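Good morning, and thank you for coming. Please look at the sequence and the structure while I take you through a few of their features.

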Amino acid sequence: MADNMTANSMKEKMSFEEFKNEVLNDYEIAVISRETSLMGRKEVLTGKAKFGIFGDGKELAQIALAKAFNPGDWRSGYYRDQTWMMALGELSVEQFFAQLYANPDKEQEPMSSGRQMNGHFATATQDKEGNWLDQSSRYNSSADASPTASQMPRSLGLALASKLYRLNPELEDYTIFSNRGSEVSFVSIGDASTSEGLFWETLNAAGVQRVPLAISVWDDGYGISVPQKYQTTKESISEITSGFKTDENGNGIDIYVCEGWNYPKLVETYQRAIERMRKTHIPALFHIIEVTQPQGHSTSGSHERYKDASRLQWEKDFDCLKKMRDWIIESSIATEDECNQIHEAAKKHVLESKNAAWKKFNEPLKLEINEALELINKVGEESGEADIISLITGQLQTAIDPVRRDILKATKKVLVHYRGQSFPALNELRDWSKDFQAKYQNIYSSHLYSESDMNALKVPVVPAAYTTDSKTLNGFEILNVAFEKLFNKYPNVVAFGEDVGKIGDVNQGFSGIQEKFGEERIFDTGIREATIMGQGIGLALRGFRPIAEIQYLDYLIYGLQTLVDDLTCLQYRTKGNQKAPLIVRTRGHRLEGVWHTGSPMGMIISSLRGMYVCVPRNMVQAAGMYNTLLQSDEPALVIECLNGYRLKERLPENIDEFTVALGIPEVLHAGDDVTLVTYGSCVRVAEEAMELLKHAGVSVELIDVQTLIPFDIHKSIIESIKKTNRVVFLDEDVSGGASAYMFQQVFEGQGAYRWLDAEPRTITAKDHRAAYGSDGDYFSKPNAEQIFEVIYGMMHELSPADYPQL
Ligand SMILES: Cc1ncc(C[n+]2csc(CCOP(=O)(O)OP(=O)(O)O)c2C)c(N)n1
């Protein structure tokens with residue numbers, strides 16, 4: 001029998017005792033993981049946790065996978081992977097429960113500090129100061145995200161890193177990230193999630209790029225309630241991907257099929273396949289079939305609603321734990337009694353760990369509740385209203401499993417009741433409540449951006465330096481010079497995207513760079529924006545400084561989901577355990593045509609909080625921003641002006657040294673009558689309008705905000721408004737987009753309303769996409785005449801005599 005053959009080949013390499021120990025150790029991990037799932041569900045159903053999703057039924061495949069997983073390897077997985085993490089020793093049962101309870105204490109819940117639902121795993125890649133940890137000696141897990149298949153794009157980059165480290169001898173010293181590219185990137189995905197485009201895009205790209213990516217599909221036949229026949233053609237991912245199979249030249253993807261209950265075959269399959277992958281870098285797909293889901297999808301419902309009796313019975317018969325136990329006993333590896341003992345010990349261990357996790361979650365909370373109750377009662381005593389106060393304390397005391405929200409609700413009720421009053425106990429409560437709020441606000445709101453010294457806002461400012469001999473070049477040539485210097489300066493900078501390699505991008509900013517630095521530094525990719533982003537994220541996680549290009553800004557939408565769900569919240573959802581300092585380069589603004597509208601900025605800034613959004617008005621500013629970003633450890637999007645590549649600019653003498661500070665607007669023209677706030681290509685449109693306005697006697701102060709995120713960190717725009725008392729926000733997004741964002745930042749953030757003597761205005765594009773051609777552009781986007789009319793109109797309202805009707 002195949003099972004016995006593989007069991008025999010495992011045995012060949014070790015004594016029976018060693019073999020037995022290994023098998024029983026694996027069985028023990030599987031049983032502990034299963035008991036964790038069972039107990040976890042109970043905790044949710046009894047109200048101690050809000051939601052639970054578990055890895056029951058997937059235990060054996062993950063144990064087999066973990067045996068082939070070496071230090072330096074990477075996991076990019078999803079919420080079913082608890083056994084894998086446990087088998088690597090990266091997740092204890094106690095930690096599992098700490099996450100289930102959403103314990104915000106990093107010591108107890110190191111994966112996300114209570115910020116992620118249970119089953120979302122991550123290991124640390126940086127220390128508190130933001131220094132990289134040695135990845136080569138660690139088991140690495142990138143931080144899970146809930147959207148199905150969102151783990152795929154990043155896994156491609158994690159795998160590509162191995163290839164680039166192997167190919168580029170200049171990176172030999174980067175040993176904390178790679179041992180000559182021998183690491184494998186493992187990605188797991190549920191069978192239903194292979195319906196997502198991200199799966200196919202990643203699969204194809206892995207084959208094209210030939211990268212060591214091991215894709216495991218846990219096939220339990222359902223996506224929540226929807227069966228495979230609605231998910232996958234022919235109901236088999238390995239069958240329909242057979243065209244990807246590796247040919248005699250090593251092109252393609254190795255495909256393996258193995259039952260999720262067949263422990264020895266799983267072990268052997270992963271061992272053999274991964275060994276081959278480390279040498280060849282040929283990617284592989286592991287279709288793990290006949291997998292069960294004993295408790296159904298999650299705690300949100302029961303699978304009896306959509307699985308019929310025969311399926312439910314099959315799931316019992318083919319439960320991988322039962323199958324492994326039968327195999328252990330039938331193969332005389334251990335007795336029934338020994339298996340029972342393992343089971344009993346596992347149950348005890350899980351119970352004790354769960355209790356310990358609950359205690360550590362609950363005790364600090366209880367102390368805080370008691371502290372609050374004591375302070376509130378004191379208020380009651382001092383005010384002589386103990387009876388009224390006892391209503392509030394009673395609610396807090398009798399709440400079922402109260403949390404910090406309940407503490408604040410109670411204290412704030414008291415503070416509202418005694419509004420306007422001051423006595424010692426009340427003042428003490430007021431201070432305590434304020435500190436408590438601030439403490440937990442920080443616990444839940446920190447680390448959206450880097451909190452290390454490499455935060456982009458801490459990069460020293462070095463102004464651009466010019467001499468009388470400084471050259472004047474086209475914008476794209478400025479970038480050429482800048483990029484060449486950056487490639488020389490930083491051996492870990494790589495750039496890629498559509499048409500980026502051979503021709504040096506569609507506007508030639510990278511022209512000639514591939515000839516000078518080689519294909520392992522700058523290269524073309526297929527048309528696949530989501531995985532270009534994912535590739536960048538994975539590479540950035542592994543120590544590269546990737547510049548990933550989106551050819552035109554409108555096509556960022558294809559990659560936006562990956563940026564939003566993965567990159568922008570990476571530091572936040574790991575509470576600073578991980579970083580991926582990816583630079584996304586693109587070009588936009590003043591594009592023409594329905595799909596080249598070029599400025600969907602409101603969408604971008606709303607969705608990309610967590611990365612910086614740089615909108616340089618010209619290529620020198622862009623170069624300065626790249627310099628800043630490469631000295632920091634933060635991700636950013638840089639949107640160059642499409643119509644700026646052929647405009648002449650002076651080349652700073654220190655093109656690779658000077659920096660543009662993020663969040664610092666620049667006053668480009670001083671003026672007295674109206675403050676005009678804008679960015680990017682609109683700067684030039686504004687300047688054109690200002691000529692007309694000057695002619696009509698209106699003096700405009702023009703401010704380029706330079707970066708939308710962060711926005712005017714020193715609140716400087718208000719100083720201009722204090723002088724002019726009038727403000728206009730201009731951009732070419734739709735109405736209510738980034739112009740409204742700038743408006744909100746200046747009005748709410750800087751109190752601009754106090755200084756106005758005219759209605760503030762926004763000037764934007766029309767709400768439809770930009771029509772094609774010069775007239776389409778003129779009638780779709782803001783133009784100089786329109787800006788003139790709005791600003792002149794403001795002056796006319798103020799003084800019709802000085803500024804008569806047009
Ligand atoms: C983009 C997205 N769509 C929908 C969901 C809701 N959802 C969560 S899990 C799931 C089913 C996934 O099934 P499968 O990939 O087979 O994995 P399994 O849970 O069975 O292991 C769905 C639809 C989601 N998380 N993300």
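I begin with the surroundings of the ligand. The residues of its shell divide into 6 nonpolar, 7 polar and 4 charged. Please keep in mind that this is a predicted model. The shell consists of 17 residues, and the closest to the ligand are Tyr 78, Tyr 79, Arg 80, Ser 193 and Tyr 222.

Which atoms of the ligand lie 3.2 Å from a backbone N or O atom of Ser 146, and which lie 2.9 Å from one of Tyr 222? For Ser 146, the partner is a nitrogen atom of the ligand. For Tyr 222, the partner is an oxygen atom of the ligand. A side chain takes part as well: an N or O atom of the Asp 220 side chain is 3.1 Å from an oxygen atom of the ligand. As for the surface of the ligand, it exposes 580 Å² when taken alone, and the protein buries 71% of that area.

I turn next to two residues with a positive phi. Ile 224 has a phi near 50°, a positive value in a residue that is not glycine. Its place is the loop between β5, residues 222–223, and β6, residues 226–227. Is Ile 224 buried, exposed or partly exposed? With a relative accessible area of 48%, Ile 224 counts as partly exposed, because the exposed class begins over 50%. The second residue is Lys 234, which is not a glycine either and has a positive phi of about 65°. Lys 234 is found in the loop between β6 and α8, residues 237–240. Its relative accessible area is 58%, so Lys 234 is exposed.

Let us now consider two helices. Helix α14 covers residues 404–417, which makes 14 residues. From its first C-alpha to its last, α14 reaches 20 Å, close to the 20 Å expected at 1.5 Å a residue. Among the buried residues of α14 are Ile 407, Leu 408, Val 414 and Leu 415, but also Arg 404 and Asp 406. Against what do the buried residues of α14 pack? They pack against α12 (336–383), α13 (386–398) and α15 (424–445).

Helix α25 has 13 residues, 738–750, and spans 17 Å between its end C-alpha atoms, close to the expected 18 Å. Its buried residues include Tyr 741, Met 742, Val 746 and Phe 747. The cover over the buried residues of α25 includes helices α21 (601–607) and α24, together with strands β18 (674–678), β20, β21 (727–730) and β22 (761–763). Just after α25 comes Gly 751, with a positive phi of about 65°.

Strand β20 leads us to a cis peptide bond. This bond joins Ile 709 and Pro 710, and its omega is about 0°. Pro 710 itself lies in the loop between β20, residues 707–709, and α24, residues 717–724.

My last example is Ser 632, in the loop between α22, residues 619–630, and β15, residues 636–641. Is Ser 632 buried or exposed? Its relative accessibility is 4%, so Ser 632 counts as buried. Apart from its neighbours within four places in sequence, Ser 632 is in contact with Met 454, Asn 455, Ala 456, Val 459 and Arg 545.

That concludes my presentation. Thank you for your attention.

Notes
Residues are numbered from 1 along each chain as its sequence is written. This is a predicted model: local features need pLDDT of at least 70, side-chain atom pairs count only at pLDDT 80 or more; totals for chains, interfaces and linings use all residues. Side-chain values use heavy atoms; hydrogens and water are left out. A residue is near a molecule or strand if one of its heavy atoms lies within 4 Å of it. A polar contact is a pair of N or O atoms within 3.5 Å; within protein, one must be able to donate a hydrogen and the other to accept it, and residues adjacent in sequence count only if both atoms are side-chain atoms. Accessible areas come from the Shrake-Rupley method with a 1.4 Å probe; for residues, only the protein chains shown count as cover. Ala, Val, Leu, Ile, Met, Phe, Trp, Tyr, Cys and Pro count as nonpolar, Asp, Glu, Lys and Arg as charged, and the others, Gly among them, as polar. Helices (H or I, at least four residues) and strands (E, at least two) are DSSP runs, numbered from the N terminus. Buried means under 20% relative accessible area, exposed over 50%, partly exposed in between (1.4 Å probe, protein chains only). Contact means heavy atoms within 4.5 Å. The expected span of a helix is 1.5 Å times one less than its number of residues.
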